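Here is a short report on one protein chain. Keep the structure open as you read.

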Amino acid sequence: MFMRNGAKRAAIAVFAVGLCVLATGTGAATAASTAAPDEFTRQAKSLGLTTAEAHGLQQRVDVYLAQTGGTQVAVNKIRLGDSGEILLSLPGQETARTVNAPNKPASELCPGNTMCAWKGTWYTGDRINMWACYNFRIPWLENGSWINNQSTGTVANFLDDYGVSKWHDKGAFDQDPDAPWYWVHWVKNC
């Protein structure tokens, strides 16, 4: 299951985007969804998203579904079983948040007993919330950020493409506002 190199990850992402565009063009629905596509469309409209913004957001969701698995449960949320979730930042917003919830300062972005990873530096962009012990796929290649806000002392391991732990944090509470994701393919949050 672990990939052999970063180039392979990038190629898969490009392929997934192509499949998403093809599926969207043929009117195919996302297989991993707990709500009807109409519900996500209603959510997008209630948020004031244009048709183009809603379409772009759904394409991003589809890429994550192809890369990480999971089930789409809201216009910007993917549930990763009972282990965690991915929240996507809405168009025009810097930080990912649950729909209909206010933006919060970075100090409040990662709830207790959770390991959080962001696509962007300084806790911006799409976010993976990890609350159960699991190997979480990290689909990003650029620098991002993370906060380990799990129970005191819980150590997060950062694994390479072979699934080997190449680094671990000092244990909760710990954080890095500018962390390189290019070599991290998985995070085992416990």
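## A pair of strands

Strand 8 (residues 157–159) pairs with strand 11 in the antiparallel sense, over 3 bridges. Look at one spot in this pairing. Leu159 stands opposite Trp186, a residue of strand 11. This is a predicted model.

Strands of a sheet pair through backbone hydrogen bonds, either parallel or antiparallel.

## The sheet around the pair

Which order do the strands of the open sheet follow? The order is 6-11-8-9, so read it as a row. This open sheet has 4 strands, and the pairing is antiparallel. Strand 6 and strand 9 (165–168) are the edge strands. Each of these edge strands pairs on one side only.

The neighbouring strands are also turned against each other. On average the angle is 30°, with direction ignored.

## The chain as a whole

Now step back. The protein chain holds 3 helices and 11 strands. Starting at the N terminus, the elements run α-α-α-β-β-β-β-β-β-β-β-β-β-β. In other words, the three helices come before the strands.

The protein chain has 190 residues, and 43% of them count as buried. It exposes about 9,500 Å². Carbon and sulfur atoms supply 56% of that area.

How do the contacts spread along the sequence? Take the contacts between residues at least 6 apart in sequence. Of these, 63% join residues at least 24 apart.

## Helix 2 and its two sides

Helix 2 covers residues 37–46. Which residues of helix 2 are buried? They are Phe40, Gln43 and Ala44. Seen down the axis of helix 2, these buried residues fall within an arc of 100°, so they line one face of the helix. The cover over them includes helix 3 (51–68) and strand 1 (71–74).

The other side of helix 2 looks outward in its accessibility: Asp38, Arg42, Lys45 and Ser46 are exposed there. Just after helix 2 comes Gly48, which takes a positive phi of about 80°.

## Two disulfides

How many disulfides does the structure hold? There are 2. Count the bonded cysteines along the chain, and the pattern is 1-2, 3-4.

One disulfide joins Cys110 to Cys116, with an S to S distance of 2.2 Å. Both of these cysteines, Cys110 and Cys116, are buried. The torsion about their S-S bond is about 90°, so this disulfide is right-handed.

## The disulfide at Cys190

Cys133 and Cys190 form a disulfide, with their sulfur atoms 1.6 Å apart. The torsion about the S-S bond of Cys133 and Cys190 is about 50°, so this disulfide is right-handed. The pair links distant parts of the chain, 57 residues apart. Cys133 sits in the loop between strand 5 (124–130) and strand 6 (135–137). Cys190 lies in the segment after strand 11 (186–188).

Is Cys190 buried, exposed or partly exposed? Its relative accessibility is 29%, so Cys190 counts as partly exposed. The cut-offs explain this: buried means under 20%, and exposed means over 50%.

Methods
Residues numbered from 1 in each chain as written. Predicted model: local features only at pLDDT ≥ 70, side-chain atom pairs only at ≥ 80, totals over all residues. Heavy atoms only, no water. Buried < 20%, exposed > 50% of the residue type's maximum accessible area, 1.4 Å probe, protein only. Helix = DSSP H or I, 4+ residues; strand = E, 2+ residues; numbered from the N terminus. Arc of directions from axis to C-beta. Contact = heavy atoms within 4.5 Å. Disulfide = S-S within 2.5 Å. Areas by Shrake-Rupley, 256 points an atom, 1.4 Å probe, with all protein chains shown as cover. Pairing = 2+ DSSP bridges. Axes fitted to C-alpha atoms, helices over the stretch in contact; angles between N-to-C directions.
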